[in-house]
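Q: Could you take me on a close look at the open and enclosed spaces of this protein, and at what surrounds them?

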Amino acid sequence: MNPIRRAVLLSAPALLLAARAQAQGAGFPNRAIRMIVPYTPGGVSDITARLIAEPLAATWGQPVPVENRAGADGVIGTDIVAKAAPDGHVLGLVSVGHPVNAAFYRLPFDTMRDFSFISLTTRTPLVLCASRGFAANTPAELVALAKRQPAGQLTFAGTAGVVRLAPVIFAKEAGIELTYVSYRGSTQAHPDLISGRVDIMFDTVPAALTHIQSGALKALATTGATRAPQLPDVPTLAEALLPGFEASTWGMVIGPANIPPALLARLNDGVVAALRRPEIVARHNQLGAAVTTSSPEESRALVQAEMEKWGAAARAAGVTPQNAG
């Protein structure tokens with residue numbers, strides 16, 4: 001057979017697949033794009049989704065309705081995304097709870113295999129806080145206090161996800177023991193934290209900021225790679241005590257697995273452009289969340305790394321996966 005003809009025949013399947021992928025991307029969108037938020041209204045993920053929906057609709061020429069499908073710490077809504085067609089018309093906006101849930105639940109989907117990862121949206125550090133009457137004012141003083149007392153006497157309030165697991169990593173790296181006190185949410189934990197019935201809490205900056213600004217709570221450190229703009233005088237834990245320590249919540253736009261590469265790139269372009277609008281950056285700054293974007297490849301790598309990090313912390317905490325729902 002003629003070598004040129006043979007090369008053309010061998011390359012035909014690959015060319016057909018590439019053309020099909022480009023066609024799928026070019027045909028998007030032909031109807032409304034559903035943005036699933038697997039949490040209740042009012043949180044950072046929900047606010048982000050609603051802020052970017054309008055510019056995305058303008059860019060893509062179709063409505064982008066936001067749907068809150070809460071339940072099982074985000075599992076129910078995320079499962080809707082996993083089972084959608086990979087044509088870009090169903091997206092989700094998840095938090096760090098997406099990789100963390102793999103340690104807490106037996107999931108109806110595979111955290112990595114069943115999704116496409118489009119772009120980060122925000123990063124939000126935690127803040128290590130305590131009542132204004134708590135004996136320690138710095139992380140080093142906290143560790144010294146814990147070491148003077150019987151092991152495990154100091155308590156921390158925890159809810160779920162990284163708020164539950166960040167203290168586990170902190171205690172391990174600092175060489176101390178802390179006792180976990182469970183709460184359904186930050187709102188339920190704050191009264192006990194303010195009164196001193198529980199000693200410390202790693203909470204998100206947006207959740208704790210009002211109490212810190214009022215003086216009801218004091219901030220010992222934040223957990224981002226850099227200082228939180230809302231708390232510029234509060235050092236990071238990496239600065240104050242534990243170099244390299246970082247624990248943040250974040251948001252990310254995802255889709256079902258197998259979105260064609262051309263369409264995935266187009267989705268990433270749209271999301272990144274919407275997030276970088278000055279008014280959207282400013283609104284997130286007010287919330288205590290920093291707009292942060294990423295490529296699909298960077299997004300996937302982050303989710304994989306977070307699964308490993310928080311999975312190890314969950315095992316150290318003795319977490320046993322339960323059925324979701």
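**The spaces and their surroundings**

A: Happy to. In this predicted model, 46 residues line the largest pocket, and those nearest its centre are Tyr39, Asp73, Ser95, Thr159 and Ala160. The space in the largest pocket comes to about 1,400 Å³. Sorted by class, its lining holds 24 polar, 18 nonpolar and four charged residues.

Two of those central names turn up again once we move to the enclosed space. Searching the whole structure gives one cavity of 30 Å³ or more, with a volume of about 50 Å³. Its lining is made by Tyr39, Asp73, Gly74, Val75, Thr78, Gly97, His98, Asn101, Leu107 and Phe109. Tyr39 and Asp73 are thus in the lining of the cavity and also among the residues nearest the centre of the largest pocket. Helix 3 (75–82) and helix 4 (97–104) each contribute at least two residues to the cavity lining, and helix 4 has the largest share, with three residues. By class, the cavity lining splits into five polar, four nonpolar and one charged.

Asp73 deserves a pause of its own. You will find Asp73 in the loop between strand 2 (66–68) and helix 3. Its phi is positive, about 55 degrees, although Asp73 is not a glycine. With a relative accessibility of 40%, Asp73 falls between the cut-offs of 20% and 50%, so it counts as partly exposed.

Asn258 makes a good companion to look at here. Asn258 is not a glycine either, yet has a positive phi of about 70 degrees. Its loop runs between strand 10 (248–256) and helix 10. Asn258 counts as exposed because its relative accessibility is 68%. As for helix 10 itself (residues 261–275), its 15 residues should span 21 Å at 1.5 Å a residue, and the end C-alpha atoms are 21 Å apart, so the two agree. Among the buried residues of helix 10 are Leu263, Leu264, Leu267, Val271, Val272 and Leu275, along with Asn268.

One more backbone detail is worth a glance: Phe28 and Pro29 are joined by a cis peptide bond, with omega about -10 degrees. Pro29 sits in the loop between helix 1 (3–26) and strand 1 (34–37).

Back to the open spaces. The second largest pocket has a volume of about 220 Å³. It is lined by 16 residues, with Arg123, Pro125, Thr226, Pro229 and Ala290 closest to its centre. Strand 5 supplies the largest share of this lining, three residues. The lining of the second largest pocket is made up of seven polar, six nonpolar and three charged residues.

Strand 5 also leads us into the interior. In soluble globular proteins, nonpolar side chains tend to be buried together. Here the largest nonpolar core has 97 residues, and Met35, Ile52, Leu142, Phe170, Ile200, Met252 and Trp310 have the most contacts inside it. Strand 5 (residues 115–131) gives the most to this core, with nine residues. Ile200 shows how such a core residue is surrounded: setting aside neighbours within four places in sequence, Ile200 is in contact with Leu128, Cys129, Ala130, Phe134, Leu142, Thr155, Phe156, Ala157, Leu178 and Leu193. Leu142, one of these partners of Ile200, is likewise among the residues with the most contacts inside the core.

Note on methods
Residues numbered from 1 in each chain as written. Predicted model: local features only at pLDDT ≥ 70, side-chain atom pairs only at ≥ 80, totals over all residues. Heavy atoms only, no water. 1 Å grid on protein atoms, 1.4 Å probe; cavity = no way out; pocket = protein on both sides within 12 Å on 5 of 7 lines; lining within 4 Å. Points joined across faces, edges and corners; volume = space filled by probe spheres on them. Helix = DSSP H or I, 4+ residues; strand = E, 2+ residues; numbered from the N terminus. Nonpolar A, V, L, I, M, F, W, Y, C, P; charged D, E, K, R; others polar. Expected span 1.5 Å × (residues − 1). Buried < 20%, exposed > 50% of the residue type's maximum accessible area, 1.4 Å probe, protein only. Core = buried A, V, L, I, M, F, W, Y, C linked by side-chain atoms within 4.5 Å. Contact = heavy atoms within 4.5 Å.
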